[in-house]
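This report introduces a protein model to a reader who has not seen it before. It treats ring pairs, charged pairs and the nonpolar interior in turn.

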Amino acid sequence: MKSKIQFLLLFISSLTFQSCELFEKGEKSELLHHDDFSEENIQWESVNADYYYFQKDFMAFKFERTSLPEPLNTEKPALMLSSFNASDDVFMGAKRKINGLNKNQSYHITYEITFASNEPEGRVGTGGAPAESVWIKAGATGFEPLSESSEEGIFNDFMVLNIDKGNQSVEGENMEIVGNFSNGTRDVYDYRLINHKSKRGTTVTSNDKGEIWLIFGTESGFESTTTIYYKEVKVFYRPI
């Protein structure tokens with residue numbers, strides 16, 4: 001009996017040591033930011049890209065704090081983003097600044113995103129599938145993500161992000177794919193809540209003020225309207 005107790009104590013001690021060691025190495029992620037969009041004055045800003053400037057009015061961009069759509073609980077708040085993909089490649093997203101971090105420190109960033117989708121999987125659409133060809137992306141940068149002009153004249157003036165988000169199904173250095181716009185069914189066209197988590201995360205280095213920028217959104221190959229309602233966004237971080 002005594003030997004069993006000693007073995008148990010050694011085992012618990014070993015687990016405690018390993019847990020502390022992992023934390024000291026920065027391998028334990030902690031919650032950096034959580035938003036359920038319950039505050040009226042949200043700190044997120046709209047950021048859109050991958051369209052020709054002359055198409056802007058056709059894109060019908062919308063960015064609004066509202067409530068979840070029916071048949072979901074309409075008393076719950078949400079962040080709604082919508083656009084018509086006239087460019088066959090539109091990115092529509094949200095960004096915000098986070099401060100109070102260590103200066104010039106590298107961090108590993110991961111997301112957990114809950115959103116409402118009304119698109120079942122397996123459908124065929126113009127340019128791509130309404131669900132599988134709309135990718136949910138998320139990441140972080142040490143500077144503000146901006147939509148910038150390619151300055152190639154009014155008819156060829158393409159608006160692009162100043163970060164590496166990748167392109168459609170391809171991930172970028174600053175953004176990863178966390179899922180697609182499918183509502184998890186094959187024949188239900190009602191809005192349903194879906195939860196996706198990071199698979200690899202992204203690495204970001206804070207600036208000399210201890211700031212980073214968070215960014216998430218959709219990138220679409222479906223040439224029609226996509227309207228997504230974000231119910232909750234959680235962001236986790238660990239120093240590396």
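The model is predicted, and eight aromatic pairs are found in it. In one of them, the ring centres of Tyr-52 and Phe-54 lie 5.9 Å apart with the planes at 25°, so this pair is stacked. Tyr-52 is partly exposed, at a relative accessible area of 31%, and Phe-54 is also partly exposed, at 39%. Tyr-52 has a further aromatic partner in Phe-158, and here the arrangement is edge-to-face, with 4.8 Å from centre to centre and 65° between the planes. Because Tyr-52 belongs to strand S3 (residues 51–52) and Phe-158 to strand S10 (residues 158–161), this pair ties together parts that are 106 residues apart in sequence. The relative accessible area of Phe-158 is 21%, and the residue is therefore partly exposed.

Elsewhere, ring pairs join Trp-44, Phe-216 and Tyr-230 into a cluster. The ring of Trp-44 also has a charged neighbour: the charged end of Arg-96 sits over this ring, 5.9 Å from its centre.

**The fold as a whole**

The protein contains two helices and 17 strands. Of its 240 residues, 46% are buried. Among contacts with a separation of 6 or more, 79% are between residues 24 or more positions apart. The exposed area of the protein is about 12,700 Å², of which carbon and sulfur atoms supply 48%.

**The nonpolar core**

In soluble globular proteins, nonpolar side chains tend to be buried together. In this model the largest nonpolar core has 30 residues, and those with the most contacts inside it are Ile-109, Tyr-111, Ile-113, Leu-214, Phe-216 and Tyr-230. At least two residues of this core come from each of strands S5 (77–84), S6 (91–98), S7 (106–117), S8 (134–141), S16 (212–220) and S17 (225–239). S7 provides the largest share, five residues. Two members of the ring cluster, Phe-216 and Tyr-230, are thus also among the core residues with the most contacts.

Ile-109 illustrates how the core is put together. Apart from neighbours within four places in sequence, Ile-109 is in contact with Leu-32, Ala-140, Gly-201, Thr-202, Val-204, Ile-212, Val-235, Phe-236 and Tyr-237.

Thr-110 is found in strand S7. Is Thr-110 buried or exposed? Its relative accessible area is 16%, which is under the 20% limit, so Thr-110 is buried. Residues up to four places away in sequence not being counted, Thr-110 touches Ser-198, Gly-201, Lys-234, Val-235 and Phe-236. Thr-110 and Arg-200 are 90 residues apart in sequence, yet their C-alpha atoms are 7.6 Å apart in space.

**Salt bridges**

A search of the whole structure finds eight salt bridges. Three of them are listed below with the N to O distance.

| Basic residue | Acidic residue | Distance, N to O |
|---|---|---|
| Lys-97 | Glu-211 | 3.7 Å |
| Arg-186 | Glu-121 | 3.5 Å |
| Lys-137 | Glu-219 | 2.8 Å |

Lys-97 forms its salt bridge with Glu-211. Since Lys-97 lies in strand S6 and Glu-211 in the loop between strand S15 (202–205) and S16, the pair ties together parts that are 114 residues apart in sequence. Lys-97 counts as partly exposed at 36% relative accessibility, whereas Glu-211 counts as buried at 15%.

The salt bridge between Glu-121 and Arg-186 links distant parts of the chain, 65 residues apart: Glu-121 is in the loop between S7 and S8, and Arg-186 is in the loop between strand S13 (175–180) and strand S14 (192–197). Glu-121 is partly exposed, with a relative accessible area of 30%, while Arg-186 counts as exposed at 58%.

Which strands does the salt bridge of Lys-137 and Glu-219 tie together? Lys-137 lies in strand S8 and Glu-219 in strand S16, so the pair connects parts that are 82 residues apart in sequence. Lys-137 counts as buried, at 0% relative accessibility, and Glu-219 likewise counts as buried, at 0%. Both residues belong to a network of salt bridges that links Asp-50, Lys-137, Lys-165 and Glu-219.

Conventions
Residues numbered from 1 in each chain as written. Predicted model: local features only at pLDDT ≥ 70, side-chain atom pairs only at ≥ 80, totals over all residues. Heavy atoms only, no water. Core = buried A, V, L, I, M, F, W, Y, C linked by side-chain atoms within 4.5 Å. Buried < 20%, exposed > 50% of the residue type's maximum accessible area, 1.4 Å probe, protein only. Helix = DSSP H or I, 4+ residues; strand = E, 2+ residues; numbered from the N terminus. Contact = heavy atoms within 4.5 Å. Areas by Shrake-Rupley, 256 points an atom, 1.4 Å probe, with all protein chains shown as cover. Salt bridge = Lys/Arg side-chain N within 4 Å of Asp/Glu carboxyl O. Phe/Tyr/Trp six-rings, centres within 6.5 Å; stacked < 30°, edge-to-face > 60°. Lys NZ or Arg CZ within 6 Å of the ring centre and 35° of its normal.
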